[in-house]
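Welcome, and thanks for opening your viewer. Keep a selection box ready, and we will go through the model stop by stop.

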Amino acid sequence: MSRRGQHALLLLSAVVASLVPGSTAGVYHIVGAGKGWRVPPNKTYYDDWARTRHVSIGDKLMFLYRSGVHNIVEVPTRALFDACSMRNITSRYQNGPTIIELTQPGQRFYFCGVGEHCEVGQKLAINVVLVAPPPPDTPNSAAAATARLSRRAGLAAACLVAALLMAV
Ligand SMILES: [Cu+2]
């Protein structure tokens, strides 16, 4: 990807982050930030990214990649994840970009099933935590409206990023 493309992606990540209030569920996390979902520059790239994120139930992971170049497989255990083993896949996604909604607490394990991409670090382990309920005095209608707005903004940003990925 060109430098310009990377900068635009970073900018869009920031835009998405700023549109989504931190206290409500439904935050979009662009996996790998400006790099998207690809063979990373180093083996700990996605680990390092995950460490900076607080991911809770109702949030979405956005994997930005081109169909056919990368994919996403999910495995149920750390052992399978560590071994990049596709013997027991629970989900597979291959039409990029992919948005995965996180509906359960606990560890989730994803990696790319193409070639040796997992072995060189295209893998993501993420811990999904329960989010505290909103304070009782929060007006429900306002919270719901905010959530709807966030979702729309996130989707719009995802479409923009996807278009950008195809263009560069
Ligand atoms: Cu890949």
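A word on naming before you click: helices (H or I, at least four residues) and strands (E, at least two) are DSSP runs, numbered from the N terminus. What you have open is a predicted model, in which local features need pLDDT of at least 70, side-chain atom pairs count only at pLDDT 80 or more, and totals for chains, interfaces and linings use all residues. For your selections, residues are numbered from 1 along each chain as its sequence is written.

**Stop 1: the whole chain**

Colour by secondary structure, and you should find 4 helices and 8 strands. Followed along the sequence, they give the pattern α-β-α-β-β-β-α-β-β-β-β-α. Of the 168 residues, 27% count as buried; a residue is buried if 20 or more other C-beta atoms lie within 10 Å of its own, exposed if 12 or fewer, and partly exposed in between, with C-beta atoms placed from the backbone. Two residues are in contact if those backbone-placed C-beta atoms lie within 7 Å. Among contacts between residues at least 6 apart in sequence, 75% join residues at least 24 apart.

**Stop 2: the sheet of three strands**

Select β1 (28-30), β3 (60-63) and β6 (98-101). They form an open sheet in the order β1-β3-β6, with mixed pairing; two strands pair if DSSP finds at least two bridges between them. The edges are β1 and β6, each of which pairs on one side only. Neighbouring strands here are turned by 25° against each other on average, direction ignored; the axes are lines fitted to C-alpha atoms, for helices over the stretch in contact, and angles run from 0 to 180 degrees between N-to-C directions.

Now look at the two pairings. β1 and β3 run parallel and are joined by 3 bridges, while β3 and β6 are antiparallel over 4 bridges. Show Lys60 as sticks: Tyr28 stands opposite Lys60, and Lys60 in turn stands opposite Glu101 in β6. One step along, Leu61 has Ile100 as its bridge partner in β6.

Which residues cover the two faces of β3? Lys60 and Met62 lie on one side, Leu61 and Phe63 on the other, and all are buried. In a regular strand the side chains alternate between the two faces of the sheet.

**Stop 3: the sheet of five strands**

Next, bring up the other open sheet, with 5 strands in the order β2-β8-β7-β4-β5 and mixed pairing. β2 (55-56) and β5 (91-93) stand at its edges, each with a single partner strand, so one side of each has no neighbour in the sheet. Start at β2, which pairs with β8 (residues 123-129) in the parallel sense over 2 bridges; zoom in on Ser56, opposite Val129. Move on to β7 and β8, an antiparallel pair with 6 bridges, where Phe111 has Lys123 as its bridge partner. β4 and β7 also run antiparallel, joined by 3 bridges, and Val75 stands opposite Phe109 in β7.

**Stop 4: the core**

A nonpolar core is a set of buried Ala, Val, Leu, Ile, Met, Phe, Trp, Tyr and Cys residues joined through C-beta atoms within 7 Å. The largest one has 23 residues, and Val31, Met62, Phe63, Leu64 and Phe111 have the most contacts inside it. At least two core residues come from each of β1, α2 (45-51), β3, β4 (72-75), β7 (106-111) and β8. Centre on Val31: leaving out residues up to four places away in sequence, Val31 touches Trp37, Leu61, Met62, Phe63 and Leu124.

**Stop 5: the loops**

In the loop between β1 and α2, pick Ala33. Ala33 has a phi near 50°, a positive value in a residue other than glycine, and is partly exposed because 19 C-beta neighbours lie inside 10 Å. Pro41 is in the loop between β1 and α2. Is Pro41 buried or exposed? With 9 C-beta neighbours inside 10 Å, Pro41 counts as exposed. Try a distance label from Pro41 to Val120: they are 79 residues apart in sequence and 9.1 Å apart in space, C-alpha to C-alpha.

Cys84, in the loop between α3 (78-82) and β5, also has a positive phi near 50°. Cys84 is partly exposed, with 18 other C-beta atoms within 10 Å.

Finish at Pro97, in the loop between β5 and β6. Gly96 and Pro97 are joined by a cis peptide bond, with omega about -10°.
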